[in-house]
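Reader: I'd love some help reading this model, one feature at a time. Could we start with a helix and work outward from there?

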Amino acid sequence: MKIKTIKKDDKSLNLELVDMDVSLANAIRRTILSEVPTLAVEEVRFIENTSSLYDEIIAHRIGLIPIKADIELFNFRDECSCKGEGCGNCIVTLTLDKKGPGTVYSNDIRADSKTKLVEGIPIVKLGNGQKLSLEADAILGTGKIHAKWQPAVASYKYYPKIEITEKCDSCGECVEVCPKNILEISSEKLKVKKTIPECIVCSQCMEVCELDAIKVEDDNRRLIFKVESIGALPPHEIFKKSCDILESKAKALSKML
Ligand SMILES: [Zn+2]
């Protein structure tokens with residue numbers, strides 16, 4: 001089994017997985033969606049809300065704001081030594097106090113030094129003299145309880161394999177129909193550009209070719225795995241954490257046997 005990085009930045013990670021069983025890739029994907037924990041707001045206490053939105057709508061919007069933090073520093077509230085009462089190891093208290101006119105953004109919410117909210121997310125627009133003042137508790141949770149704790153969107157597909165045979169007369173019709181602009185005619189020859197992973201195996205090039213000169217299929221030895229973070233955790237950390245969770249589950253199972 002081999003891993004190659006196709007693309008990596010603070011929001012997305014694209015990996016090429018060679019000789020990895022598709023069931024393992026799916027287990028990693030499912031673990032990312034439902035088991036990798038993040039922080040999200042669970043309770044909101046309104047002190048004053050004279051905005052045009054109901055408390056419930058504002059609480060819901062705040063709940064969906066991604067919170068950046070080192071998750072290793074926190075315990076799940078029901079597993080914490082405080083026995084679910086709430087302490088500094090399982091709860092982060094956020095505060096918001098803003099007077100209109102103006103838009104309230106996630107940047108207006110104050111957190112402690114261990115946490116940082118993703119900036120630039122609008123919450124509500126305040127009119128002249130309107131006020132929003134509240135306190136919110138963020139706790140650790142997982143995507144299987146509520147989607148607000150889901151750290152990323154994860155998916156995989158087979159690596160596309162594109163074959164061009166000698167029969168090709170470089171008519172260029174396949175270049176025209178390709179929705180992803182993967183093919184090109186260069187020096188009067190049909191060539192594949194470097195962006196093969198972007199091919200969606202739609203087969204339009206095969207259908208339009210009267211000479212059967214191009215063949216596109218899935219390479220079932222290679223997978224492209226994509227992780228797109230919502231902003232709370234870096235994508236490579238999410239992938240790594242899901243592998244750690246799977247490993248610890250397998251170890252626990254093996255110990256039981
Ligand atoms: Zn606690």
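Reader: Which residues of α1 are buried?

Author: Keep in mind that this is a predicted model. In α1, the buried residues are I28, R29, T31 and I32.

Reader: Why do they sit on the same side of α1?

Author: Start with the general idea: an α-helix has 3.6 residues a turn, so residues three or four places apart point the same way. Here, the buried residues of α1 cover an arc of only 165 degrees around the axis, which means that they share one side of the helix. V22 and S23, on the other side of α1, are exposed.

Reader: What covers the buried residues of α1?

Author: The cover includes two strands, β10 (152-164) and β13 (214-229), together with the helix α5 (235-256). As for the helix itself, α1 runs over residues 22-34, 13 residues in total. From first C-alpha to last, α1 reaches 18 Å, close to the 18 Å expected at 1.5 Å a residue.

Reader: Let's move on to the domains. How is the protein chain divided?

Author: The domain assignment gives domain 1 (2-34 + 152-227) and domain 2 (38-149). Between the C-alpha centres of domain 1 and domain 2 the separation is 40 Å.

Reader: How many residues does the largest nonpolar core have, and which have the most contacts inside it?

Author: That core has 44 residues, and L39, I67 and A138 have the most contacts inside it. Strand β9 (residues 131-141) gives the most to this core, contributing six residues. Domain 1 and domain 2 each supply at least three residues to the core.

Reader: What does A138 touch, leaving out residues up to four places away in sequence?

Author: On that count, A138 is in contact with L39, A40, V41, E42, I67, V92 and L94. Another core, of 10 residues, lies apart from the largest one, and C174, C205, I214 and V216 are among its members.

Reader: Last one: where is E119, and why does it count as partly exposed?

Author: Look in the loop between β7 (115-117) and β8 (122-126), and you will find E119. The way to read exposure is to count C-beta neighbours: 20 or more within 10 Å makes a residue buried, and 12 or fewer makes it exposed. E119 has 13 inside 10 Å, so it counts as partly exposed. Setting aside residues up to four places away in sequence, E119 touches S106 and N107. I109 is 10 residues from E119 along the chain, and their C-alpha atoms are separated by 9.5 Å.

Terms used:
Residues numbered from 1 in each chain as written. Predicted model: local features only at pLDDT ≥ 70, side-chain atom pairs only at ≥ 80, totals over all residues. Core = buried A, V, L, I, M, F, W, Y, C linked by C-beta atoms within 7 Å. Helix = DSSP H or I, 4+ residues; strand = E, 2+ residues; numbered from the N terminus. Domains from an automatic or database assignment. Contact = placed C-beta atoms within 7 Å. Expected span 1.5 Å × (residues − 1). Arc of directions from axis to C-beta.
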